[in-house]
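Work through the exercises below with the structure open beside you. Each task is followed by a solution in steps.

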Amino acid sequence: MELSEIYSQNFFGAVSDFSPKISFEIFPPKGNDISKLYEELRKLKRFKPVLVSLTYGANGGANRFSNEDLKSIRDLEFNLMPHFTCVSALKDEIEKHIISIENLGIENILALRGDIPNYINPEELDFKHADELVEFIKEKTTLSIGVAGYPEGHIECDNIHKDIEYLKRKIDKGASAIFTQLFFDNEKFYHFTECVRKAGIQTPIIAGIMPVRNTVQIEKMTSMARITIPEKLKKMLVKFPDDTKKIGSEFSISQCLDLIDYGIDGLHFFTLNHSDQVSEILENIL
Ligand code: FAD
């Protein structure tokens, strides 16, 4: 099912179904342990996700799902949205890639620029920003397109309004849904949503939720992407280092309940390929 169709109804979805729209992100497991990932996905199936998104390593190789993997995951009867970054390829390769996704019977794609590696001169890229990729995908395929949004602003942009102006270009060129960067401070998300709506963007905004399960990992991610960790959560993680997962789950439960109250369009869980913590959170919010 296409993004536009999935998110066309309001947050509570079909008339008979009062559950929020849930989706999951997975990444290619290290060491070819794909069967363990399938197992985790099967466990998450009972939450009836509207889609599963699959990350794409801008630097290639082991950080990408093969077409065979995509087929196998699709055959588990999930609606897929593979990610794609345009920094790592030239126009011809990009065209081949997006057509191969479409030929697999996949209907959606998350169109990203990706982080530009030091060894690449941005001026030499065929597509310098994700809006150009969106335009190209729209021209060459019938894929429904998701794009990234940043509730606290993208790291390279110091002005959130400018960032949203660029986000609008991605929408104007044909994207149907915005999937946000992870965040912990809902007020930042609400402010972002307000600014996006004021900028004239009516596209669904899907909130990126990352349950904390490893403090070092979360500190690294948040400092690299300039994401706020609320003081209370920070203090709890420091004070109870043996209870990280429990603290992370409790925080996500209350964060999601607040977002549901607000009436957001969907919750997108960065699962880190584990079903246990996300399941616990969903059992408490659905
Ligand atoms: P863009 O939309 O191009 O924005 C990048 C920067 O350029 C921003 O600062 C923006 O303000 C500015 N900008 C945008 N358009 C213009 C323009 N026309 N002119 C001038 N400036 C402009 N990375 C991966 O490698 N693999 C993944 O699978 C992956 N998945 C992600 C999933 C989500 C939900 C999110 C939020 C991010 C993901 N990323 C992934 C990270 C992403 O690739 C990086 O954040 C990257 O630096 C920016 O990509 P973008 O598509 O947002 O770029």
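Contact here means heavy atoms within 4.5 Å, and angles between axes run from 0 to 180 degrees between N-to-C directions. The model is a predicted one.

**Exercise 1. Determine in what order the strands close into a barrel, and in which sense they pair.**

Step 1. Follow the strands round: 8 of them close into a barrel in the order β1-β2-β3-β4-β5-β6-β7-β8.
Step 2. Read the sense of the pairing, which is parallel. From one strand to the next the twist averages 25 degrees.
Step 3. Check one pair. Strand β3, residues 80-85, and strand β4, residues 108-112, are joined in the parallel sense by 3 bridges. Within this pair, H83 has L110 of β4 as its bridge partner.

**Exercise 2. Find which strands helix α3 lies across, and how α3 is directed relative to β3.**

Step 1. Locate helix α3 at residues 67-75. The strands it lies across are β1 (22-26), β2 (51-54) and β3.
Step 2. Take the angle of α3 to β3, about 155 degrees. Angles over 145 degrees count as roughly antiparallel, so the helix runs roughly antiparallel to this strand.
Step 3. Turn to helix α11 (residues 276-285), which packs on the sheet and touches β1 and β8 (266-270). The directions of α11 and β8 make an angle of about 160 degrees.

**Exercise 3. Describe how α2 and α3 are arranged, and which residues meet.**

Step 1. Two packed helices are described by the angle and the distance between their axes.
Step 2. For helix α2 (residues 34-44) and α3, the axes come within 11 Å and cross at roughly 25 degrees.
Step 3. Angles under 35 degrees count as roughly parallel, and therefore α2 and α3 are roughly parallel to each other. The crossing of α2 past α3 is right-handed.
Step 4. List the contact: α2 supplies I34, Y38 and L41, which meet D69, S72 and I73 of α3. By type, these contact residues are 4 nonpolar, 1 polar and 1 charged.

**Exercise 4. Decide whether S252 and T193 are buried or exposed, and name what each touches.**

Step 1. The cut-off for buried is under 20% relative accessible area.
Step 2. S252, in helix α10 (residues 244-262), has a relative accessible area of 2% and is therefore buried. Not counting residues up to four places away in sequence, S252 touches I209, M210, P211 and I281.
Step 3. T193 sits in helix α7 (residues 186-198). Its relative accessibility is 9%, so T193 also counts as buried. Neighbours within four places in sequence aside, T193 is in contact with I205 and Y262.

Conventions:
Residues numbered from 1 in each chain as written. Predicted model: local features only at pLDDT ≥ 70, side-chain atom pairs only at ≥ 80, totals over all residues. Heavy atoms only, no water. Pairing = 2+ DSSP bridges. Helix = DSSP H or I, 4+ residues; strand = E, 2+ residues; numbered from the N terminus. Parallel < 35°, antiparallel > 145°, perpendicular 65-115°, else oblique. Left-handed = near helix turned anticlockwise from the far one by under 90°. Nonpolar A, V, L, I, M, F, W, Y, C, P; charged D, E, K, R; others polar. Buried < 20%, exposed > 50% of the residue type's maximum accessible area, 1.4 Å probe, protein only.
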